[in-house]
Each structure stands twice: as C-alpha cells, then as structure tokens.
Amino acid sequence: MIRIGSNLIKQSIKNTNKGGISRFFTTGSNNNNTTTNYKPESCVKEEPKGKSVNVEDLKDQEIIALVDKGEIQPHNLETRLPNNFQRAVHIRRKLLARDLQKEHQRALHAQAVVAAAEKAATSGEDPSTIQPVVAPASNLDFEGSLNNLPVDHFDYTKVLGACCENVIGYIPIPVGVAGPILLDGKLVSIPMATTEGCLVASTHRGAKAITKSGGAKTVLLQSGMTRAPVCRLPSSIRAGELKQWIENQENFYQVASAFNSTSRFARLKSIKVVIAGRLVYLRFKSSTGDAMGMNMVSKGVEKALEVITEYFPEMEVLSLSGNVCTDKKPSSINWLEGRGKSVVAEAVISGEIVRDVLKTSVEALVSLNIDKNLIGSAMAGSIGGFNAHASNIVTALYIATGQDPAQNVESSNCITLMESINGGKDLYISVTMPSIEVGTVGGGTHLPAQSACLDLLKIRGANLERPGANAEQLARVVAAAVLSGELSLMSALAAGHLVRSHLKHNRKAEAPAPQADTISMTHNLPHSD
C-alpha cells in the first residue's frame, strides 16, 4: 500500500482496491507481472544447497536466467565462474542495472498513481472510475551510468575473499607524490591518493621547506595493536577478582602463552582491565610484525579467553570487541595510551625558509597554532584533534598504500606544536601521533597499485631481517607527511593564502548535466531517488 498524506485519498484507494489495486500498477510496457510486493528477482531466493550447475559454458543471459530462478546467487558468481572473474563482474553489473531500472520505473509509476488519486479526491471524482495509470518513461539509464565505472584491466582474483564482495568495478583515484622529504637522514617520496586539489601541492611545499632546513626526525614511542572483548561476570565482586587474577604476573604469563601460540608474530604485551558494574573489558595489546594486526590479535584473544574461562567458568564473553579497543571511533583511550604505532615527528625550520618558501613569519605561525590548533580545538571539545588537517594526509597515504581508510579516525589523532627558538629566529614544529594503525602486509597492501606505492617507499611486504620494521617505517612516513602538511597549511592560513590556492588547484571541471528524473520526496515510496 502506498502511503498517502490524506485520509480521503486513502479511502479512495481503499475503495478502488475492491476491484484490485494492482491494476494501477501497469508498467509502460504493459508487463502485468509487476506486483505491489515487487523485489529484485535476483534477491528473492536463496541458492539451493547441493544443486550445482556448470555455468562456464553458458551465455551471459543464460546465467542471468539461473540467477533469476535462484539457482545462482549474485554474490556467488565468481565461485561459479572460477576461471573468469571479470566475466562474473560484468554479469553482476548487468543484473544491477536491470534491477535498478525496474525499481526506478516502479517508483515513477507509484508517484503517478498517487497523483491520480489526489486529483480524484480533490475533484470529487468516483475513484472506481479512475483509469489504470501508465508509468511515465524514465530518462535514467543505469546501464549507461555504470559504463563510467571501470571494470576491465583489473585482477579480481586478488580481491575475492580478501578486499571486497559483490564487486561491480573499481574507482580510479589520482595518485600524486609529495617530496622527497629528508626523513631520518634519507630522502623519501610520499605517495598520496586523493581527489582534493591542493593537498599534494601543499604537502609537497611543506616537505620542501623541511628538507631545505635539514630534514625531519622521528621517534617511535610504542607499537602494539589492541582488542578489548567485553565479558560479564555474575557480580561486580567476581569482576574485581578477575581483574586481580589477570594482574598477577604468573597468571598473565599463562594467558600470554596461549595468546602467543596462535601466531609467529603476535606477542602479548599487556592486558588493561576496565570494569563497569559486573562488565569487564580486557584490552589486550600485542605486537603484530609488519601486519596492521587486527585479525592476528583477535585470534590470540579468542585463545586467551579459553584459558581465562577455565578459572572463571561463569564468565560470559558477550563480544570479541567491546569498544574499549578502540577501532574506527574517537576515544580518549587511544589518545592517551596509544594503538598501533605511536610516533613523534619534528623539524626545525629556519627563519629564512619560513619567509622565502612559506611566505609567513615564525611569530605568526606560533601565534596561530596556539589560537587555532590548541585553544580552538579545546573549545570544540576535541579528542585528538589538536591539528590543522592531519586526517587529510593520513587518508591519502592510507588509500595509496592499501591501508584501511576507516582507521583514519584514530590514526589521525595528532597534536601539532610550534615554538620559536634561537632567539625567535627559527621555528620548531612537531606532531605527536599516538595511534597510527598501518601494515605492509595484509588488507589491500597486496593489490598491484597499492603494492607499487609501497615499493616507492621501499617497504612492501614483510621485513624478514627484523619483523615489524617495514610497518614502523610506514608509520614514520605518515607522521613526517603530516608534519609537512601541517607546516604548509598553517603557513597558508597565517599568510591568508588558503582561498587563493584552492581556487587555483581545486576548481572542478565542467560537470555533465545530471540525469533528469525527479521523484517527489513527500510520499513514502520504495527506493525513491
């Protein structure tokens, strides 16, 4: 039933329904199979168990027919076409375009029905005399739109079971390079994938200023990925006893032994116990080699919990993640205690470089940093956001190198500090980033384009001589890149150049006219645009 905003119109449709409301739903092609309970045919049935059809020799339309019958589910196309993943993606695109077109046509028709009913109610016309409404023709072409989404020239075998499901193509994102920056005595180029004009240019300018002034130095303060399951005890008394038991060194070693047995690289460092009533959150922290390590730590936590439940059999494990980890959400615990890699990057910028390259003054930069990044962020109640735009650089580097872009939430925790030194002539700048979550193995790091960017940094894959060194170097690069971006943007703001540079570098090209169909949002219609 379509929801109409008037009782009179509702009654009109109710009366008409005596002769069959479905007669209103006649498509432009007079397809009488469309019903009020329409669902995309590819989503209706589950794939029958135990029934297998060899589809590799079938034509695309024959495979689509099997999908419509429910004999193949769209998400299983790759497994049914194991020798041609690209064909599976093409077929899924055809299914998607077809189903979107059907649903959109239905939405247009529903709106026409509503308009006819409203007209009848307003004019006092007998609803039973309303003629069947034919859906207007649609100007939207979903298949044509999908043609703008690239599909060819991509190795989908590296995606299945690793990076994405129900694949319909890929998004090409421009990759620029900033630098090189002199980092810890070595020149490093910074690959950045972004659609924000001016970002790479600005980061490049900051890297140039840092390099001309002698380079940046970094220090790794700590390294350890965390996972914090939430458990429930019968009482707060037992919760407290569990905390005391874990904090006993011998018991910790027993739990750590079980944890470490699950991986060659996972080594449990600590367990922080947080209690709320009878709920217990156990924040495990572990080294993870060159992997970012979420899956590795989760596997170790499961094994560790088995040991703990032997001593506390009444303990219920409610969830492997209890949000004290904390993953992909702002939190004070990551800001204060770190997660992943904690890095500080610093540099001294000579007054001449500040004047000639950055076009501002040391005094102006120091003052603006206090007013904006420190006081301004404090007034906003920010957690870990005492910076100008750390997340810009973090996200661009993460996309380029195959990291999890959603982890920019905590990885962008950063405080930017600036001081005048050497009698006010030069600028000291630092960024402190306590929770950079990166890896050079796992996730999207194995995809060809992302691997190429890691090759530019000379850190692709695992470091066989010193496991974890490649991931640590990537974290240092992230911090140094953020240092460059902070220096340049703050200089542009201090000099009043921000708008001017964005007008130059971030002007969008003339966009094609949008497709023209419009569906009213005043009615509760399915899948409305």
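How many residues apart are Glu247 and Lys243 in helix α7? The legends below start with that pair, and every view comes from a predicted model.

**View 1. Glu247 and Lys243 pair up within helix α7 (residues 236-247).** The two residues sit four apart in the helix, so about one helical turn separates them. Their side chains form a salt bridge, with the closest N and O atoms 2.7 Å apart. Lys243 is partly exposed, at 27% relative accessibility.

**View 2. A salt bridge links Arg92 with Glu78.** Here the N to O distance is 2.6 Å. Arg92 belongs to helix α4 (residues 85-123) and Glu78 to helix α3 (residues 77-80), so this pair ties together parts that are 14 residues apart in sequence. Are these two partners buried or exposed? Arg92 is buried, with a relative accessible area of 5%, and Glu78 is buried too, at 6%.

**View 3. Arg232 meets Glu316 in a salt bridge between two strands.** The N to O distance in this pair is 3.3 Å. Arg232 lies in strand β4 (residues 230-232) and Glu316 in strand β7, so the contact ties together parts that are 84 residues apart in sequence. Both residues count as partly exposed: Arg232 has a relative accessibility of 26%, and Glu316 has a relative accessible area of 38%.

**View 4. Asp327, Arg339, Glu410 and Glu437 form one salt-bridge network.** Shared partners join these four residues. The structure as a whole holds 19 salt bridges.

**View 5. The loop between β7 (316-319) and α10 (332-337) holds some unusual backbone geometry to look for.** Thr326 lies in this loop, and a cis peptide bond with omega of about -5° joins Cys325 to Thr326. Asn323 is found in the loop as well. Although Asn323 is not a glycine, its phi is positive, at about 75°. Asn323 is partly exposed, with a relative accessible area of 43%.

**View 6. Strand β1 (residues 175-183) and the loop that follows show two further backbone details.** Pro180 is in strand β1, and the peptide bond leading to Pro180 from Gly179 is cis, with omega near 10°. In the loop between β1 and β2 (186-193) you will find Asp184, a non-glycine residue with a positive phi of about 50°.

**View 7. The largest pocket encloses about 1200 Å³ of space.** It is lined by 46 residues, and those closest to its centre are Cys163, Gly402, Gly444, Leu447 and Gln450. Helix α15 gives the largest share of the lining, four residues. By type, the lining divides into 27 nonpolar, 14 polar and five charged residues.

Technical notes. Residues numbered from 1 in each chain as written. Predicted model: local features only at pLDDT ≥ 70, side-chain atom pairs only at ≥ 80, totals over all residues. Heavy atoms only, no water. 1 Å grid on protein atoms, 1.4 Å probe; cavity = no way out; pocket = protein on both sides within 12 Å on 5 of 7 lines; lining within 4 Å. Points joined across faces, edges and corners; volume = space filled by probe spheres on them. Nonpolar A, V, L, I, M, F, W, Y, C, P; charged D, E, K, R; others polar. Buried < 20%, exposed > 50% of the residue type's maximum accessible area, 1.4 Å probe, protein only.
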